Amino acid sequence: MRRIQMTVDGKAHVAEVEPRLLLIHHLRENLGIGGVHSGCDTTNCGACTVLMDGESVKSCTVLAVQADGHEITTVQGISENGEWHPMQRAFHEAHGLQCGYCTPGMIMASISLLKENPNPSEEEIRENLEGNLCRCTGYENIVKAVRQAAQEMQGSPTAAS
Amino acid sequence: MTEAPEKYVGGGVPRKEDPALVTGRATWTDNIKLPGMLHASLLRSPFAHAKITSIDVSEAKNRPGVVAAFTGEDLADEWAGIIPCGWQITEDQRTPTHWPLAKDEVNYAGDAVAVVVATDRYTAKDALEFIEVEYEELPAVTDLETVLDEGTPLVHEVYDSNRCYTWTLDVGEVDEAFEKADVVVKERYLQPRLIPNAIEPRAVVAHPDPVNGGFTIYTSTQVPHIAKFVLSGICGVPEQKLRVVAPDVGGGFGSKLNVYAEEALALALARRLDTPIKWVEERSENYLSTTHGRGQIQDIELAATSDGKILGLRADLVADMGAYLQLSGSLIPILGAFMYCGVYDFDAYHFECEGVFTNKTPIDAYRGAGRPEAAYAIERIMDALARRLEMDPAEVRRINFHEPFDEPKTQPAGIQYDSGDYNKTLDRVLELANYEGLREEQRRRRESGDPVQLGIGFSTYTEICGLAPSQVVNALGGGGGGWEAAEVRMLASGKVEVVTGTSPHGQGHVTSWSQIAADALGVDLDDVEVIHGDTAAAPWGRDTYGSRSLAVGGVAVHMAAQKVVEKGKKIAAHMLEAAEGDIEFEGGRFSVAGSPDQNATIQDVAGAAYLASDLPEGMEPLLSEEQIYDPPNFTFPFGAHMCVTEVDTETGFVKIRDYFAVDDCGPVINPTIVDGQVHGGIAQGIAEALYEEAVYDEDGNLVTGSMVDYLVPGAPELPHFTLDRTVTPSPSNVMGVKGIGEAGTIGAPVAVINSVIDALSPFGVTHIDKPASPFNVWSTIQEATGDGAGTRDADLSGRPAQATDNVDEQGGETR
């Protein structure tokens, strides 16, 4: 067992874990964060995407011990004072989700995308979200949501494309 | 008091479901944790077909953290019945014995043979390594082409062949139609197996209820009500002792329209060990053990006159059932049988389906379920007819369309379509796409020998939705009704609870049913709560599949709300001391005709009905009404899709440049949700056409066994969709609604493939199978031309100025 410490959604957690424990299972089973989802086990679907020190990672392919000393942000930690993150609002308003299972990972990947490229084109959004699979929406409204959030986060009018 | 004079129906109301989902607070089955809960993990057969000669779980049982381990034999007395098929399509249909754990023989790679129960999932999975199984391999049956041949090994030795059933339908004088035809077009189409890929894998938690000695089953399912009935039968738990809950469910697409071995196992283990049991599927298990879709060979033959009028159609199918029949396995191709005649008016139709067993994962519903296959066949052969007669594919369709109709019309397969106006959707899609301009561009690119050729593909489809009139279900051998239940309750405070038997998993029923009820009752949208997916809270239901939820369940909500208003009128008349016939109801307010000042709100009336101290003589208290609605007919949405592809003839890469879809699902409750359903349906249809196939080797191993090997498209693989709608109400129900969940998946695959063939037709290509992968397209061109097609230094002047140049960007980028 290894002793690890990480900050998750602003709270510090110390735990003893097996070295083989995946970060997703540490978050879900030990810390009770049900908003991180497992969809494929092979790093294809991105439902488990979280931010590690602000960069998106797939928590099914990170060991909990690799996150030792790092700061993790999940979809459960991005609202501020009860206000949704603009990306959460945009997914809701643009109907960028149906069953919602891919949504937390999609939102975290999209936040990471806008951090690197605050004003992406439709094509850039599509290319950058290639690691996150959605089976419901055909991506049409996900792309729309990310564009809407980008505009809002830049302080410009929120008209969707 | 809240009042809402404006109408919600028809507006793009943002979804009520979203807050939990976008904040990560949804209740997925895997999020449920109960005191004392143990985790189950299954050992699955690595062989497609084998006898189990010995199996020993004793070492696994001794591992630290392991609580129990069982073989199929160990659990044999847990079962009161096999995993059943809900449809007896023919009297002699063969339904193989199918236990939740195999005992003597495994029949597909992935068939479960043992289960370990441990304190956590890692420990349970580790212990599987310590189970000793000896198998005696048997020959695997994997090839649909030879499955019925003499000498082919048997999947199930108890039968004398691999035939499950043969089902036929003959309408009109088919042979005569073919004899008098000027042209006969005959083609063979393959429908590859597909893996549904709901992003949430299946999961189940079985919880013994110490109070009543029963069980609560939380399961990621589309069908909690059906699961309750079926699990009762498999496990021998009296139905009244079972409660099934579908919490938040992460997509289904037909794959969760089933009752699975793991659900029965979880229940049996919870009973055996008297503690809560959780099982969560891994994706690799999902690929092996959750039902697949499609899997057919279709021989299609069309008879027509020299001017393109259809005279008759023959469709002969071999349909793969896989190793066992799951809930609707035998039904799926038969659901399609009534759709091969499409939107076309002719008299003679022959259909025959041979359902067959193979040593592969069972096949069952996948979005569209038999109907995409049917639409594919008729729409491909319409293009083949157009090519043969050198007619425009839009024109050959148009001259065969049924005339517009708004009352039920009998069509060639013998059933009655509810309403249709097929020219309207075709005209609109031609206009949206600038069809003439596209043909002109195509001509230029062909003339200039552009290595990237333009393809234009059509699909003018109709589909069978709103499953189903119970009499039809029973006539097809179905073991359950097709009705749906709704209850609308006005609470003491004037707020509203809507109870529905539909079980949404992404479709937004909570929002849409709220819109329906709020408008009918004249209340605020936020005053309505929708209760679903729990057999204790929503006791009656037939669940969600087959684009049935709105056309049956939503209509039931509307009708129940109307009953509430009718009862409310009686109470209001009593309160206002007026005749019931003089009471008008509008915007949530009952008033006396001609005296608008004399009025009572529906909330006042609900309060009076709850108080019950001053009601009309003999009236029961409460303003709450139930509607069990059995639809008189199916509904038949329709549409016209056009796919515009750019096909690189040097690499075989297919880029979808534009996708246009004009769908008609009758009046729309929530256009935003409807558009979303169409987007997702088309995306799955494109995936079927270009990317996806469950590939098995000759030994019956699933070669595409993970998302690494099976291409579920991401955002870069899919285009922007251009949508429009026409509105042709259905006479089948009081709201005129039809359903939209499967339209895209039914319309799209063939529009894409027709487009690819159209692009390649200058090379003499008339056929390509799904999926039209770069290799498949490239090989097809090579076969047609005998050598390389197109040249890099070709004249590109035929392209429009704004066209994307995928010569440069393709680079083998097909992921």
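**Figure 1. A buried aspartate in a loop of chain A.** With 20 C-beta neighbours inside 10 Å, A:Asp41 counts as buried, because the cut-off for that label is 20 or more. Like every view in this set, this one shows a predicted model. A:Asp41 sits in the loop that runs between α1 (23-30) and β3 (49-52) of chain A. Its backbone is worth a look too: A:Asp41 is not a glycine, yet its phi is positive, at about 70°.

**Figure 2. An exposed glutamate in a strand of chain A.** Here we meet A:Glu55, which belongs to strand β4 (residues 55-58) of chain A. Is A:Glu55 buried or exposed? A:Glu55 counts as exposed, with 11 C-beta neighbours inside 10 Å, because 12 or fewer is the limit for that class. To place the strand in the chain, look across to A:Cys102: A:Glu55 and A:Cys102 are 47 residues apart along the chain, and their C-alpha atoms are separated by 18 Å.

**Figure 3. Where chain B touches chain A.** This view brings the two chains together, with 40 residues of chain B in contact with 43 residues of chain A. On the chain B side, the elements that give two or more residues are α1 (18-22), α7 (283-289) and α17 (671-690). Which of them gives the largest share? That is α17(B), with six residues. Sorted by class, this side of chain B has 18 nonpolar, 16 polar and six charged residues.

**Figure 4. Two helices of chain B that cross obliquely.** Helix α5 (residues 224-235) and helix α6 (residues 261-273) of chain B have axes that come within 10 Å and cross at roughly 60°. That angle makes α5(B) oblique to α6(B). The crossing of the pair is right-handed. From α5(B), the contact is made by B:Ala227, B:Leu231, B:Ile234 and B:Cys235, while α6(B) brings B:Glu263, B:Ala264, B:Leu267 and B:Ala268. These contact residues divide into seven nonpolar, no polar and one charged.

**Figure 5. A roughly parallel helix pair in chain B.** The next pair is helix α14 (residues 509-521) of chain B with α15(B); their axes come within 9 Å and cross at roughly 30°. So α14(B) is roughly parallel to α15(B). Their crossing is right-handed. On the α14(B) side, the meeting residues include B:Trp513, B:Ile516 and B:Ala517, and on the α15(B) side they include B:Leu550, B:Gly554, B:Val557 and B:His558. What classes make up this contact? It divides into 10 nonpolar, six polar and no charged residues.

**Figure 6. The largest nonpolar core.** This core has 309 residues, and those with the most contacts inside it are B:Leu267, B:Tyr340, B:Ala517 and B:Val756. Its largest share, 13 residues, comes from helix α15 (residues 549-576) of chain B. Two of these names may be familiar: B:Leu267 takes part in the contact between α5(B) and α6(B), and B:Ala517 is one of the residues of α14(B) that meet α15(B). B:Tyr340 deserves its own close-up. Setting aside residues up to four places away in sequence, B:Tyr340 touches B:Leu313, B:Ala315, B:Phe351, B:Ala374, B:Ala377, B:Ile378 and B:Ala413.

**Figure 7. A buried asparagine and its contacts in chain B.** B:Asn633 lies in the loop between β25 (623-629) and β26 (638-648) of chain B. B:Asn633 is buried, with 20 other C-beta atoms within 10 Å. Which residues does B:Asn633 contact, leaving aside neighbours within four places in sequence? They are B:Pro408, B:Gln416, B:Asp418, B:Pro469 and B:Ser732. B:Asn733 can be found here as well: B:Asn633 and B:Asn733 are 100 residues apart in sequence, but 8.5 Å apart in space, C-alpha to C-alpha.

**Figure 8. Backbone details in three loops of chain B.** Begin with B:Asn434, in the loop between α11 (422-433) and α12 (435-447). B:Asn434 has a positive phi of about 55° although it is not a glycine, and this residue is partly exposed, with 14 other C-beta atoms within 10 Å. Next comes a cis peptide bond between B:Leu467 and B:Ala468, with omega about -5°. B:Ala468 is in the loop between β18 (452-462) and α13 (470-475) of chain B. Another cis peptide bond joins B:Lys770 and B:Pro771, where omega is about -15°. B:Pro771 has its place in the loop between α18 (743-760) and α19 (774-785) of chain B.

Terms used
Residues are numbered from 1 along each chain as its sequence is written. Chains are lettered from A and ligands numbered from 1 in the order in which they are written. This is a predicted model: local features need pLDDT of at least 70, side-chain atom pairs count only at pLDDT 80 or more; totals for chains, interfaces and linings use all residues. Two residues are in contact if their C-beta atoms, placed from the backbone, lie within 7 Å. Helices (H or I, at least four residues) and strands (E, at least two) are DSSP runs, numbered from the N terminus. Ala, Val, Leu, Ile, Met, Phe, Trp, Tyr, Cys and Pro count as nonpolar, Asp, Glu, Lys and Arg as charged, and the others, Gly among them, as polar. Axes are lines fitted to C-alpha atoms, for helices over the stretch in contact, and angles run from 0 to 180 degrees between N-to-C directions. Angles under 35 degrees count as roughly parallel, over 145 as roughly antiparallel, 65 to 115 as roughly perpendicular and the rest as oblique. A crossing is left-handed if the near helix is turned anticlockwise from the far one by less than a right angle, and right-handed if clockwise. A nonpolar core is a set of buried Ala, Val, Leu, Ile, Met, Phe, Trp, Tyr and Cys residues joined through C-beta atoms within 7 Å.
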